[in-house]
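Biologist: Before we discuss individual residues, could you put the model on the screen, so that we can go through its contacts one by one?

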Amino acid sequence: MGVKPLLDVIIYSDLFVAKPSPLPFRAAVSQLGMEPSDALYVGDNPAVDFEGAKAIGMRTVRVSRGEFRHDQGNDYIDWTIHGFDELLDITARLREADNT
């Protein structure tokens with residue numbers, strides 16, 4: 001996808017336990033040295049991607065495309081987008097809210 005150079009940390013959940021466990025998400029924020037509430041998790045599969053992130057207090061974004069685009073969302077998803085370019089709007093709004 002070409003986003004790898006933009007990421008600070010990549011955690012492969014199969015090195016821990018399978019999602020929706022919160023352990024991979026805790027590992028990511030720990031490696032970044034940040035609080036979960038300051039992190040934004042992006043995933044695509046509503047069945048397993050978001051519950052663990054929300055369990056530790058992360059904000060979540062669902063990219064609704066690909067094989068899971070027709071799946072129903074759930075209460076663990078804060079925002080739904082259709083392309084990664086929409087992340088810029090979300091992060092800008094979060095920065096603005098944090099500065100008020």
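Modeller: Here it is, and please keep in mind that this is a predicted model. I suggest that we begin with Met58, which sits in the loop between H2 and S2.

Biologist: Is Met58 buried or exposed, and what is its relative accessible area?

Modeller: The cut-off for calling a residue buried is under 20% relative accessible area. Met58 falls in that class and is therefore counted as buried, its relative accessible area being 6%.

Biologist: Which residues does Met58 touch, not counting residues up to four places away in sequence, and how far apart in space are Met58 and Asp38, C-alpha to C-alpha?

Modeller: Not counting residues up to four places away in sequence, Met58 touches Phe25, Val29, Pro36, Ala39, Leu40, Tyr41, Ala53 and Asp78. As for Asp38, which is 20 residues apart from Met58 in sequence, the C-alpha to C-alpha distance is 7.1 Å.

Biologist: Phe25 and Tyr41 are both among those contacts; what kind of aromatic pair do the rings of Phe25 and Tyr41 make?

Modeller: The structure holds 2 aromatic pairs. In the one formed by Phe25 and Tyr41 the ring centres are 4.9 Å apart and the planes stand at 90 degrees, and because planes over 60 degrees apart fall in that class, the pair is edge-to-face. This pair links distant parts of the chain, with Phe25 in helix H1 and Tyr41 in strand S1, 16 residues apart. Both residues are buried, and the geometry you asked for is edge-to-face.

Biologist: Which residues form one aromatic cluster?

Modeller: Tyr41 also pairs with Phe50, again edge-to-face, at 5.9 Å centre to centre and with 75 degrees between the planes. Phe50 is buried, as is Tyr41. The one aromatic cluster is thus made up of Phe25, Tyr41 and Phe50.

Biologist: Which residues of H1 are buried, and against which elements do they pack?

Modeller: The buried residues of H1 are Pro24, Phe25, Ala27, Ala28 and Val29. Beyond the helix comes Gly33, whose phi is positive, near 65 degrees. The elements against which the buried residues of H1 pack are S1 and H2.

Biologist: In the loop between S1 and H2, which backbone nitrogens lie 2.9 Å and 2.8 Å from a polar atom of the side chain of Asp49?

Modeller: Asp49, placed in that loop between strand S1 (40-43) and helix H2 (51-55), is buried, with a relative accessible area of 3%. Leaving aside its neighbours within four places in sequence, Asp49 is in contact with Lys19, Phe25, Tyr41, Gly43 and Asp44. The backbone nitrogen at 2.9 Å from a polar atom of its side chain is that of Asp44, and the one at 2.8 Å is that of Asn45.

Biologist: And which backbone nitrogen lies 2.9 Å from a polar atom of the side chain of Asn45?

Modeller: Asn45 is likewise in the loop between S1 and H2, and its relative accessible area of 12% makes it buried. Apart from neighbours within four places in sequence, Asn45 is in contact with Phe50, Phe68 and Asp71. The backbone nitrogen 2.9 Å from a polar atom of its side chain belongs to Ala47.

Biologist: How many salt bridges does a search of the whole structure find, and which side chains meet there?

Modeller: The search of the whole structure finds 1 salt bridge. Asp78 lies in the loop between strand S2 (59-63) and strand S3 (79-81) and Lys54 in helix H2, so the pair ties together parts that are 24 residues apart in sequence. Asp78 is partly exposed at 33% relative accessibility, and Lys54 is partly exposed at 28%. The side chains that meet, at 3.0 Å from N to O, are those of Asp78 and Lys54.

Biologist: Turning to the segment before H1, which residues does Pro20 touch, not counting residues up to four places away in sequence?

Modeller: Pro20 lies in the segment before H1 and counts as partly exposed, at 30% relative accessibility. Pro20 and Ala55, 35 residues apart in sequence, are 9.2 Å apart in space, C-alpha to C-alpha. With residues up to four places away in sequence not counted, Pro20 touches Val48, Glu51 and Gly52.

Biologist: Leu6 is also found in the segment before helix H1; which residues make a nonpolar surface patch with Leu6?

Modeller: Leu6 is exposed, with a relative accessible area of 68%. The patch covers about 420 Å², and the residues that make it with Leu6 are Leu7, Ile10 and Tyr12.

How values were computed: Residues are numbered from 1 along each chain as its sequence is written. This is a predicted model: local features need pLDDT of at least 70, side-chain atom pairs count only at pLDDT 80 or more; totals for chains, interfaces and linings use all residues. Side-chain values use heavy atoms; hydrogens and water are left out. Patches are made of residues with over 30% relative accessible area and no salt bridge: like charges are joined within 9 Å, nonpolar side chains (Val, Leu, Ile, Met, Phe, Trp, Tyr) within 5 Å. Accessible areas come from the Shrake-Rupley method with a 1.4 Å probe; for residues, only the protein chains shown count as cover. A salt bridge is a side-chain nitrogen of Lys or Arg within 4 Å of a carboxyl oxygen of Asp or Glu. Buried means under 20% relative accessible area, exposed over 50%, partly exposed in between (1.4 Å probe, protein chains only). Helices (H or I, at least four residues) and strands (E, at least two) are DSSP runs, numbered from the N terminus. A polar contact is a pair of N or O atoms within 3.5 Å; within protein, one must be able to donate a hydrogen and the other to accept it, and residues adjacent in sequence count only if both atoms are side-chain atoms. Contact means heavy atoms within 4.5 Å. Rings of Phe, Tyr and Trp (its six-membered ring) pair if their centres lie within 6.5 Å; planes under 30 degrees apart count as stacked, over 60 as edge-to-face and the rest as tilted.
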